[in-house]
Amino acid sequence: MRLPPARQDGRKICVLSLSLRPGILFTTQVSLKFQTMAVLHNRVSQKELKERLYQETEPRTTISFYRYFPIADPKIFRDELYQALNAISVFGRIYVAHEGINAQLSVPQTNFEKLKMYLYSIEALNGIRLNIAVDDDGKSFWVLKIKVREKIVADGITDQSFSMERKGKYVDAGRMNELLQDKSTIVVDMRNHYEYEVGHFENALEVPSDTFREQLPMAVEMLKEEKDKNIIMYCTGGIRCEKASAYMLHNGFKNVFHLEGGIINYARQVKEAELESKFIGKNFVFDDRLGERITDDIIAKCHQCGQAADSHTNCKNDGCHLLFIQCEACTAKYDGCCSVECQTVYNMPLEEQAAMRKGLDKGMMVFNKSRQRLRPRLNEEGKK
Ligand SMILES: [Zn+2]
Ligand SMILES: [Zn+2]
């Protein structure tokens, strides 16, 4: 396998830092920190990595997969995985926990089979379905990050008797469409508001909370009179609704289904089998693309002028970066910013902008693009 010279350099740096490790005398505190930090990780700047990706001519495929299965030592699992995936130039974001693995990644097309063979060589992942993103330019990720987490999906469940062993029944696209013909079937969207806003299944129920951990008890409460009805849970890639279906069964619901592989897999099956898509609009995804179009319906509105629009964007002001929906006219009018205030800052000389950001309270987490921050700000915009 040939690698571009730049990447070989990057790898040398990695190996060097590893081989030095045992010989370096750190104070206890520092060495502990060093141990808990990712041992195998990139030492090249984000900017440079992104530039390398854009110079890369080899086409890439964006895929995602997850599986709930017991992992005894997530740290060891993580390090082995990092070495194997890094060797075949895989980029992406992967979470590993005692309860399983959740991965979104991009792989050079020529290495796709190698990746598949490697994953299948791990017993619990043998035969795992790899969801291939549609409407994809392969530029979703430019670095490989694998993190050990408490859970692959934070659920807030404290009940020790809850188990992922008993899950709802999987449904594929064909079965989903069939079940939807029965008007008494209840479809539940287990994603966040900004995801539901740009695309969802027809008549899907939104569970209005910012976090999945709050949505679980809320869904149980909302549907408590419907324990005998057919209930289909869905989410982006299946990981949230699979846990949600297990939680519904745990709470006495009888006929719980969940969409296998989520909207991503549904979209693919609909396309392949030429089925009618009951999902309308865009499927929001958390990478550079911020969404893949499933149908031509535009069901959301520009947060600034109210015109039909469903393209999310990050505010161009580096001190803001708010994620919001903006139409083309407003993109031009506000220079891609979320407000006149941000536009004013954006049009200042760069040094002045940097000086302003320095003055801001770090506690405001101005550069934090996390979901927690996203939702309240979106609400503020929505109220305008
Ligand atoms: Zn607009
Ligand atoms: Zn802004």
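A residue is termed buried when its relative accessible area is under 20%, exposed when over 50%, and partly exposed in between (1.4 Å probe, protein chains only). Cys338 is buried, with a relative accessible area of 3%, and Cys342 also counts as buried, at 9%.

The model is predicted: local features need pLDDT of at least 70, side-chain atom pairs count only at pLDDT 80 or more, and totals for chains, interfaces and linings use all residues. Residues are numbered from 1 along each chain as its sequence is written, chains are lettered from A and ligands numbered from 1 in the order in which they are written, and side-chain values use heavy atoms, with hydrogens and water left out.

Both cysteines belong to the site of the zinc ion (ligand 2), whose protein donors are Cys315 (SG), Cys320 (SG), Cys338 (SG) and Cys342 (SG), at 2.3 to 2.4 Å. Donors are N, O and S atoms within 2.8 Å of the metal (3.2 Å for Na, K and Ca); water is not among the atoms, so sites may look incomplete. The sequence spacing of these residues is C-x4-C-x17-C-x3-C. The arrangement is tetrahedral because the four donor atoms subtend angles of 107 to 115°; for four donors, the term requires all angles to lie between 85 and 135 degrees.

Elsewhere, three strands (DSSP runs of E, at least two residues, numbered from the N terminus) form an open antiparallel sheet in the order E8-E12-E13. Strands E8 (199-201) and E13 (292-293) are at the edges, each with a single partner strand, so one side of each lacks a neighbour in the sheet. Pairing requires at least two DSSP bridges between two strands; E8 and E12 (residues 279-283) have three.

Note on methods. Four donors count as tetrahedral if all angles lie between 85 and 135 degrees; four count as square planar and six as octahedral if opposite donors are over 155 degrees apart and all others between 65 and 115; anything else is irregular. Helices (H or I, at least four residues) and strands (E, at least two) are DSSP runs, numbered from the N terminus.
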